[in-house]
Amino acid sequence: MIDKGISAILFDCSTLLRWNRPVTGIVRAQLEVAKYLLHCPYKTIFVAFSPDKQALLQVSKETLQNKIDFFMHGSPPQKPFNPLKRLSAVPRRLKKFADSMQHSKILRFVERIQFKSSQLKSYADGINSEISPLFLPPIARSTRALFNKETLFITMGLDWEDSNYALLYQLKHELRFRVVGMFCDAFILKNPQWAASKEIVASFMLHFYHLSYLCDSIASISDYSKDEFHALLAAHRIAANPLVYVLSLGNCDKPKATTDIAVSTQPAPTPASRTQAPLPVVVTPTITLHRDPISGELIGDDSPEPAPALSPKRKESVRQKLPRKNVRAHSSSFVLYVSTIEPRKNHLLLLDVWERLLQSNLCFPDLVLVGMRGWGADAFWERFKNETLRRHVFWYDDVGDSELQTFYERAQFCVFPSFDEGLGLGAAESLARGKPVLVSTSRGLCEATQNLMPTLSPNDPEVWAEWILRLSNDSAELQNLTQKTQQFTRRSWHDFAHDFIEFALEKKEP
């Protein structure tokens, strides 16, 4: 018995096992909690949904550790990583639940539940009436055997993609075990124009509806996120009332005592140093499993075959065709933005800013964008084709943790002009590294930076241009902001994981 009637922790790591890119946001949170549970004394069973989502499969600690090593160190799996490729042995007698809920059906489902939940006597009556026509398949014995009434089930990944709420609800209805979840933000529901499709908006609405009723307790990543959660409950008349507790994410790998960054007394780099040599080559492991030697395309399969042997002549031909990795073309004077390229992150504003700087004939730093290619950013990529702009704006999606640390150290300062954030992890990480950051007026970003940094309108490129010129040319003002970063409260990821589990076990009172 762990505590308070809990016999074991069942941790859903479906998202972590299926993720093959650099970990960010909620995936990073799941990774850190998984690392903590691997080495804590509590009895923990790691599980993940099968590809058809009709069963939960137990995942060995060795498999999970292998995946964590892959993320943290870039080390290749010791054996082919395919723990989820085996389908459940239970015959698939009826159509998959996930398929039944797609497209028009899921849209109709959301429309029905939005104004119905407050009138229902219980969640069971409502959900059973809605999903009964879909003929849910029976739960596999192997899945049911993982649970009992003293189980604590933790779900904190990309559940709208990786989970099966109907299956979990059926199990909880039978056994009455506890469920603890996590809520980051609801920007897709507030701003559906940022979503890739109407189906994604509906899927997230369905996720929020089920999460609200399924979970006994929910960890929210900020006060702003908590308020948003309750606002959504009210707006959609959802009668659920789970306990919501604010639990800030980590922003550094070690506690403050070992991560305090001494503020440099040397003047910050200025645009006058643009003639200096580019940053040196930093060879770091990448999250990509391997690169095709002929086409140069990234291949992210689970068990890549070794590259075929090439003749010396062919090797030279391939070498000339392939892009030179980790050779950075930007100058030593640059501003950094670390974020996935997607509309919500407001990269277009930064392109507007640098176009204004180009027309000003003043000295200004380069802009370095580090992050994955996201969805819905066609307007950004179209403008990014401008050759003049690309002489001063650089995008890298192959930056490992070690090189990212170097980027933070050498940047003049950072920017984070996102329209909306549940917290704004990238801004918090900037301050944790002792680097000032200009942020938008998003409440989540203000909270992430503890109101220490300048906040600018995400719709005013002129103001952003003024601040960027001011900080890049006035070393005294930049040094003043750098001093302010020492007031920032750092929080290690280990502390976050510890606090999350303590909250889940009801040892940490709200």
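# Exercises on a predicted model

The secondary structure of the protein comes to 22 helices and 15 strands. The model is predicted. Each exercise below is followed by a worked solution.

## Exercise 1. The protein as a whole

Determine what share of the residues is buried, and what share of the contacts between residues at least 6 apart in sequence joins residues at least 24 apart.

Solution. The first step concerns burial: of the 510 residues in the protein, 53% are buried. The second step concerns contacts. Among those between residues at least 6 apart in sequence, 77% join residues at least 24 apart.

## Exercise 2. Helix 9 and helix 11

Describe how helix 9 and helix 11 pack, and state which residues make the contact.

Solution. Begin with the geometry. Helix 9 covers residues 165-175 and helix 11 covers residues 198-214; the angle between them is about 15°, and their axes are 11 Å apart. Angles under 35 degrees count as roughly parallel, and helix 9 is therefore roughly parallel to helix 11. The crossing of the two helices is left-handed.

Next, list the residues. Helix 9 contributes Tyr165, Leu168, Tyr169 and Lys172, while helix 11 contributes His207, His210, Leu211, Tyr213 and Leu214. Finally, sort them by character: the contact of helix 9 with helix 11 has six nonpolar residues, two polar and one charged. The spacing of such residues may be read with a general rule. An α-helix has 3.6 residues a turn, so residues three or four places apart point the same way.

## Exercise 3. Helix 2 and helix 3

Classify the packing of helix 2 and helix 3 from the angle between them.

Solution. Helix 2 (residues 25-39) and helix 3 (residues 61-73) have axes 11 Å apart and pack at an angle of about 135°. Because of this angle, helix 2 is oblique to helix 3. The crossing of helix 2 and helix 3 is left-handed.

The residues that meet are Leu31, Ala34, Lys35, Leu38 and His39 from helix 2, and Lys61, Leu64, Gln65, Ile68, Phe71 and Met72 from helix 3. By character, the contact of helix 2 with helix 3 comprises seven nonpolar, two polar and two charged residues.

## Exercise 4. Two asparagines in loops

Locate asparagine 164 and asparagine 346, decide whether each is buried or exposed, and identify what their side chains reach.

Solution. Take asparagine 164 first. This residue is in the loop between helix 8 (159-162) and helix 9. Its relative accessibility is 4%, so asparagine 164 counts as buried, the cut-off being under 20%. The side chain of asparagine 164 reaches the backbone oxygen of lysine 53 at 2.7 Å. A polar atom of the same side chain lies 3.2 Å from the backbone nitrogen of alanine 166. Asparagine 164 and histidine 210 are 46 residues apart in sequence, and their C-alpha atoms are 10.0 Å apart in space.

Now take asparagine 346, in the loop between strand 10 (334-338) and helix 14 (347-360). Asparagine 346 is buried, because its relative accessible area is 5%. A polar atom of the side chain of asparagine 346 lies 2.9 Å from the backbone oxygen of proline 458. When residues up to four places away in sequence are not counted, asparagine 346 touches Pro417, Ser418, Phe419 and Pro458.

## Exercise 5. Glutamate 403 and helix 17

State where glutamate 403 is placed, which side chain it contacts, and what the buried residues of helix 17 pack against.

Solution. Glutamate 403 is in helix 17, residues 401-410. With a relative accessible area of 1%, glutamate 403 is buried. Its side chain makes a polar contact, at 2.8 Å, with the side chain of arginine 328.

Now extend the view to the helix. Glu403, Leu404, Thr406, Phe407 and Tyr408 are buried in helix 17. The buried residues of helix 17 pack against four strands and one helix: strand 10, strand 11 (366-370), strand 12 (393-396), strand 13 (413-416) and helix 18 (425-432).

## Exercise 6. Positive phi values

For arginine 176 and arginine 237, give phi, the loop and the accessibility.

Solution. Phi of arginine 176 is near 60°, a positive value in a residue other than glycine. Arginine 176 is in the loop between helix 9 and strand 5 (178-183), and it is exposed, with a relative accessible area of 60%.

Phi of arginine 237 is near 55°, also positive in a residue other than glycine. The loop of arginine 237 runs between helix 12 (223-235) and strand 7 (243-246). At 38% relative accessibility, arginine 237 counts as partly exposed.

Technical notes
Residues are numbered from 1 along each chain as its sequence is written. This is a predicted model: local features need pLDDT of at least 70, side-chain atom pairs count only at pLDDT 80 or more; totals for chains, interfaces and linings use all residues. Side-chain values use heavy atoms; hydrogens and water are left out. Axes are lines fitted to C-alpha atoms, for helices over the stretch in contact, and angles run from 0 to 180 degrees between N-to-C directions. Angles under 35 degrees count as roughly parallel, over 145 as roughly antiparallel, 65 to 115 as roughly perpendicular and the rest as oblique. A crossing is left-handed if the near helix is turned anticlockwise from the far one by less than a right angle, and right-handed if clockwise. Contact means heavy atoms within 4.5 Å. Ala, Val, Leu, Ile, Met, Phe, Trp, Tyr, Cys and Pro count as nonpolar, Asp, Glu, Lys and Arg as charged, and the others, Gly among them, as polar. Buried means under 20% relative accessible area, exposed over 50%, partly exposed in between (1.4 Å probe, protein chains only). A polar contact is a pair of N or O atoms within 3.5 Å; within protein, one must be able to donate a hydrogen and the other to accept it, and residues adjacent in sequence count only if both atoms are side-chain atoms.
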